[in-house]
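Me: Please take a close look with me at a single part of this model: what packs together on the inside. I'm a first-year student, and I'd like one connected walk through it rather than a list.

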Amino acid sequence: MRFTSQMDLALNEAQQAALAGEVPVGAVIVDARGQVLAAAGNRTRRDCDPTAHAEILAIRQAAAILGQERLAG
């Protein structure tokens, strides 16, 4: 069931992005234990940033939380 809840979170992020007029994409990053580190939806239009894709935003958030540039594990 852990996968389902993580996928639900990603889908919720996508839905929120769609409601904001963005392309409906959501991303979730989990650690080796399955704990959610980061979640994001697309924000390219809101941020006027062509790199503000959900996956990139989630990677940046997870790296900041871990305090490192690599997401090992």
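Reply: Let's begin with contacts. Among the contacts in this chain with a separation of 6 or more, 34% are between residues 24 or more positions apart. Keep in mind that this is a predicted model.

Here's the cast. The chain has three helices and two strands, and if you read along the sequence they come in the order α-β-β-α-α. Its radius of gyration is 12 Å, close to the 11 Å that the globule rule gives for 73 residues, so the chain is as compact as a globular protein of that length. The C-alpha atoms fill a box of roughly 35 × 30 × 10 Å along the principal axes. Buried residues account for 27% of the 73 residues.

Now for the inside itself. The largest nonpolar core is a set of ten residues: Ala27, Ile29, Leu37, Ala38, Ala40, Ala52, Ala54, Leu57, Ala58 and Ala62. The elements giving two or more residues to this core are β1, β2 and α3, and α3 gives the most, with four. Let's take the strands, then come back to that helix.

Strand β1 covers residues 26-30 and strand β2 covers residues 36-41; they pair in the antiparallel sense over five bridges. You can follow the pairing residue by residue: Ala27 stands opposite Ala40 in β2, and Ile29 stands opposite Ala38 in β2. These four names are part of the core you just met.

Try looking at β1 from its two sides. Its covered face holds Ala27 and Ile29, while its uncovered face holds Gly26, Val28 and Val30. Why would every second residue end up on one face? Because in a regular strand the side chains alternate between the two faces of the sheet.

Where the chain goes from β1 to β2, it makes a hairpin with five residues between the strands, and Gly34 in that turn has a positive phi of about 90°. You might wonder whether Gly34 is buried or exposed. With a relative accessibility of 15%, Gly34 counts as buried, because the cut-off for that is under 20%. Gln6 is 28 residues away from Gly34 along the chain, and their C-alpha atoms are separated by 8.8 Å.

Back to the helix. α3 runs over residues 54-66, which is 13 residues, and reaches 18 Å from its first C-alpha to its last, close to the 18 Å expected at 1.5 Å a residue. In this helix, Ala54, Leu57, Ala58, Ala62 and Ala63 are buried, and the buried residues of α3 pack against β1 and β2. That's the picture to hold on to: the helix on one side of the packing, the two strands on the other.

Zoom in on Leu57 for a moment. Setting aside neighbours within four places in sequence, Leu57 is in contact with Ala40, Gly41, Arg43 and Ala52. Two of the names there, Ala40 and Ala52, belong to the core as well. Just after α3 ends, Gly67 takes a positive phi of about 70°.

There's also a polar residue to visit. Asn42 is found in the loop between β2 and α2 (44-47), and with a relative accessible area of 6% Asn42 is buried. A polar atom of the Asn42 side chain lies 2.7 Å from the backbone nitrogen of Ala54. Not counting residues up to four places away in sequence, Asn42 touches Ala17, Glu22, Val23, Val25, Ala52, His53 and Ala54. Ala52 and Ala54 are in the core list too.

For contrast, go to the loop between α2 and α3, where you'll find Cys48. Cys48 is exposed, at 71% relative accessible area. Cys48 also has a positive phi of about 50° although it is not a glycine. Most residues other than glycine have a negative phi. In that loop you'll also see Asp49, which is partly exposed at 23%. Once neighbours within four places in sequence are left aside, Asp49 is in contact with Thr44 and Arg60.

To put it together, follow β1 through the hairpin into β2, then find the buried residues of α3 that pack against both strands.

Key. Residues numbered from 1 in each chain as written. Predicted model: local features only at pLDDT ≥ 70, side-chain atom pairs only at ≥ 80, totals over all residues. Heavy atoms only, no water. Pairing = 2+ DSSP bridges. Buried < 20%, exposed > 50% of the residue type's maximum accessible area, 1.4 Å probe, protein only. Expected span 1.5 Å × (residues − 1). Contact = heavy atoms within 4.5 Å. Polar contact = N/O pair within 3.5 Å; in protein donor to acceptor, adjacent residues only side chain to side chain. Core = buried A, V, L, I, M, F, W, Y, C linked by side-chain atoms within 4.5 Å. Rg over C-alpha atoms; globule rule 2.2 N^0.38 Å.
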